[in-house]
Amino acid sequence: MFTGIIEQTGQIQNVLEVSGYLQIRVRPTQMWQDLQLGESIANNGTCLTVVAFDESSYTVELSKETIAKTAACWHQGSNLNLERAMRADGRFGGHVVSGHVDGIGTICSIETISGAHIIVVKAPLQLAKYLVPKGSITVNGVSLTVVDVGGPGGTQTNLTADQFTLWLIPHTLKVTNLSQWQINTQVNLEADQFAKYTERLLLMRELEPTRVNA
């Protein structure tokens, strides 16, 4: 499990295709001294397993499924947001993040005002039901607050049901790769876990047989 609080960024140093999957080597800004083989790291919000490492970089592997369901950022020179899996005794600063990408979003517009960048993101339509004003969403691994949404129950009529806004403060831009966003940039989206669990529970209740009181 992750929290969406980015520890640092890293750059992909090498990409190698091996038997249909990708093997990528990532160089963090500062290599972790206690990294262990087999542990999980969220790379741009995608949970990947460390299969090798040295004093300056680590290697992870991506299946065809992972490549197909995530934004196209797996190339040499790409900068990634990095977060190691949360420790049981760690501070919970963001929200519950699984590292499993639900869909790919697209940056629609970027507006800079004093003290913030206002970003409009278009999500896949199937994720629109999870977009709630002042709710949580993970974008490229970063825990962010949804400010405005469109559609039923939305807060901005000029937005469609699958669009939402983010207000990014200078600190977020400084410590993540979000400052590199441009219009039409693709991003990894993970909806709030609790919303997805609640939906599943309600759907399963509809399948339960009718209870008759004795």
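**Exercise 1. Take stock of the fold: how many helices and strands does the protein chain have?**

Start with the secondary structure: the protein chain comes out with three helices and 12 strands. Keep in mind that this is a predicted model.

**Exercise 2. Work out what the radius of gyration of the protein chain says against a compact globule.**

Step one: for 214 residues, the compact-globule value would be near 17 Å. Step two: the protein chain has 19 Å, so the two agree. Step three: look at the extents, where the C-alpha trace spans about 65 × 55 × 35 Å along its principal axes.

**Exercise 3. Find what share of the residues is buried, and what share of the contacts links residues 24 or more positions apart.**

First the burial: 43% of the 214 residues are buried, taking under 20% relative accessible area as the cut-off. Then the contacts: among those with a separation of 6 or more, 65% join residues 24 or more positions apart. Finish with the outside, where the accessible surface comes to about 11,900 Å² and carbon and sulfur atoms hold 52% of that.

**Exercise 4. Trace the neighbours of strand E3: which strands pair with E3, and what stands opposite Asn43?**

Begin with E4 (residues 46-53): E3 (residues 40-43) pairs with E4 in the antiparallel sense, over four bridges. Here Asn43 faces Thr46. Two residues sit between the strands of this hairpin, and Asn44 takes a positive phi near 55°.

Now turn to E6 (residues 79-84), which also pairs with E3 in the antiparallel sense, this time over three bridges. In E6, Leu82 is the residue opposite Asn43.

Key
Residues are numbered from 1 along each chain as its sequence is written. This is a predicted model: local features need pLDDT of at least 70, side-chain atom pairs count only at pLDDT 80 or more; totals for chains, interfaces and linings use all residues. Side-chain values use heavy atoms; hydrogens and water are left out. The radius of gyration is taken over C-alpha atoms; the globule rule is 2.2 Å times the number of residues to the power 0.38. Buried means under 20% relative accessible area, exposed over 50%, partly exposed in between (1.4 Å probe, protein chains only). Contact means heavy atoms within 4.5 Å. Accessible areas come from the Shrake-Rupley method with a 1.4 Å probe; for residues, only the protein chains shown count as cover. Two strands pair if DSSP finds at least two bridges between them.
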